[in-house]
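Thank you all for coming; I would like to walk you through one structure today, taking its pockets first, then its ligand, and finally a few points along the backbone. Please have the sequence and the model open while I talk.

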Amino acid sequence: MTSELVSRISKLNSISESPVFPVMEGKVTRIVGLTMEAVGCHVALGDRCSVYVKEGKWIESEVVGFTDNLTYLMPTETIDGISPGARVKPLTGDGMMPVGPELLGRVVNGLGKPLDGKGPIKTKDTIGLQGGLINPLKRQPITETLDVGIKAINSLLSVGKGQRLGLFAGSGVGKSILLGMMTRFTEADITIVGLIGERGREVKEFIEQILGTEGLERSVVVASPADDSALMRLRAATLTTRIAEYYRDQGKNVLLLMDSLTRYAQAQREIALSVGEPPATKGYPPSVFSKLPQLIERAGNGEQGGGSITAFYTVLTEGDDQQDPIADASRAILDGHIVLSRQLAEEGHYPAIDIEASISRVMPHIVSEAHLSGALRVKQLYSKYQQNQDLIAVGAYSKGTDSEIDQAMELMPEIKAFLQQSLQEKFTIEESLEALVKAMT
Ligand SMILES: Nc1ncnc2c1ncn2[C@@H]1O[C@H](COP(=O)(O)OP(=O)(O)O)[C@@H](O)[C@H]1O
Ligand SMILES: [Mg+2]
């Protein structure tokens, strides 16, 4: 009966000027965990639907899978109040999000709704959640450096405009504070911060204390704390990236900071497992590993004449385990990684960047010969010192045995001091290089 109706309507559409499509509502038949099963809707994977809750309230959900005539839906909000047979109304078109200069200084959720209590956001522009992909051959190569305001990074791990880096660390080692410092100090035109799956308290702390008014003024924050639905957390990560793309397409140099990529992967795992995808690596289903590059590939340089998105994704290395599957997968798709060391943090050495374990893969292409060789020299001396630290500490090393170790020992206090930077200090690239030269002489 319904298929007959569809074919009659499509026949009519072919003769009428503006085609009309029937909206076929379905209904909820079952809810398992957070997944809703619905029958009767004509929808495709990734489509959005509105589900009736009660008292005139609807919630948005997304089609995440189907079997035979059953459609699986994931909600963006809590599903409390949905009853058997609740109406499911397919939504037409791509979910449009507000974007524009009006977003500056604002904090929004994964649906683009304000969270900061500063009133509604009225923007002239909107963007769809699904952006067009850039032809990899048309992307501008990474040729210029981006000043991030942190001397250890500016000098030893130079970041290129359009580079995508991972910030690998366990919890409480200083990721959020480093991201906040970069937001305040970078020369990028705008910073887009995605806070994905953090605790609510951390979100508040990041915005109020770490960013402060100065940092917030030049950024847009998309926040989806851990108690948001998995779909909402994914949306927030996508929205963060879409907002960054919007500014890039206007020719801006954007700094995108996503905290954390691991929580994004976990949200994807939650959804994939709940629709029955089998887990593969350490509980992560295969789709997670294809979602990561899909998200990360959106950042980077635009086509000729466009701007750039330089991105930092934090990756949690639980128990400081660098072999975590998400850490492994991200290391392979990112253009560099900065590792924060718990040992340095415990020594009170901040930012706790482990310069031996960190690498910027594009650095050799974007800095001068002199800069590169200076940076290599610091790394060599630092490594030399670390390798022989035990000997030096117990006094088993006698001066004059190895000139390399002698030099490392002599310069180590300066190098250590050079690598540290306090919260309120900003170092431009020139200032960072000057400080480096000073430490080495
Ligand atoms: N640059 C810094 N200077 C001084 N203390 C710092 C610095 N970075 C981090 N810390 C200390 O480490 C703690 C945890 O930092 P945070 O950025 O919240 O960690 P993470 O985001 O990795 O969990 C902070 O509360 C602070 O005490
Ligand atoms: Mg944090």
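Before I give any volumes, let me say what I mean by a pocket: on a 1 Å grid over the protein atoms alone, it is an open set of points with protein on both sides within 12 Å along at least five of seven lines. Please also keep in mind throughout that what you see is a predicted model.

With that in hand, I begin with the second largest pocket, which holds about 430 Å³ of space. Its lining is made up of 21 residues, and those that lie nearest its centre are Gly172, Lys175, Ser176, Glu198 and Glu202. Two elements, helix 3 (175-185) and helix 4 (200-217), give two or more residues each to this lining, and helix 4 has the largest share, with 5 residues. If we sort the lining of the second largest pocket by class, we find 8 nonpolar, 5 polar and 8 charged residues.

What takes up the space of this second largest pocket? It is ligand 1, and the residues around ligand 1 include the run Gly170, Ser171, Gly172, Val173, Gly174, Lys175, Ser176 and Ile177, together with Tyr350 and Leu423. By class, this shell divides into 4 nonpolar, 5 polar and 1 charged.

Let me now go through some individual contacts, each of which involves an oxygen atom of ligand 1. In the side chain of Ser176, an N or O atom is 2.7 Å from such an oxygen, while for Ile177 a backbone N or O atom lies 2.9 Å from an oxygen atom of the ligand. Tyr350 takes part through its side chain, where an N or O atom is 3.5 Å from an oxygen atom of ligand 1. As for how much of the ligand is covered, on its own it has 550 Å² of accessible area, and the protein covers 69% of that.

I turn next to the largest pocket, where about 630 Å³ of space lies. It is lined by 23 residues, and the closest to its centre are Glu62, Leu234, Gln268, Lys291 and Gln294. Strand 4 (58-67), helix 5 (230-249), helix 6 (261-274) and helix 7 (286-296) each supply at least two residues of this lining, which by class has 12 nonpolar, 6 polar and 5 charged residues.

Finally, some remarks on the backbone. Most residues other than glycine have a negative phi, and most peptide bonds are trans. Against that background, Asp68, which is not a glycine, has a positive phi of about 45 degrees, and you will find Asp68 in the loop between strand 4 and strand 5 (70-75).

Where are the cis peptide bonds that I would like you to look at? One runs from Asp259 to Ser260, with omega near 10 degrees, and Ser260 has its place in the loop between strand 13 (253-259) and helix 6. Another joins Tyr350 and Pro351, with omega about -10 degrees, and Pro351 is in the loop between helix 9 (342-346) and strand 17 (359-360). Tyr350, you may recall, is also one of the residues around ligand 1.

Technical notes. Residues numbered from 1 in each chain as written. Chains lettered and ligands numbered in written order. Predicted model: local features only at pLDDT ≥ 70, side-chain atom pairs only at ≥ 80, totals over all residues. Heavy atoms only, no water. 1 Å grid on protein atoms, 1.4 Å probe; cavity = no way out; pocket = protein on both sides within 12 Å on 5 of 7 lines; lining within 4 Å. Points joined across faces, edges and corners; volume = space filled by probe spheres on them. Helix = DSSP H or I, 4+ residues; strand = E, 2+ residues; numbered from the N terminus. Nonpolar A, V, L, I, M, F, W, Y, C, P; charged D, E, K, R; others polar. Near = heavy atom within 4 Å. Polar contact = N/O pair within 3.5 Å; in protein donor to acceptor, adjacent residues only side chain to side chain. Areas by Shrake-Rupley, 256 points an atom, 1.4 Å probe, with all protein chains shown as cover. Sits in = over half its atoms within 2 Å of the grid points.
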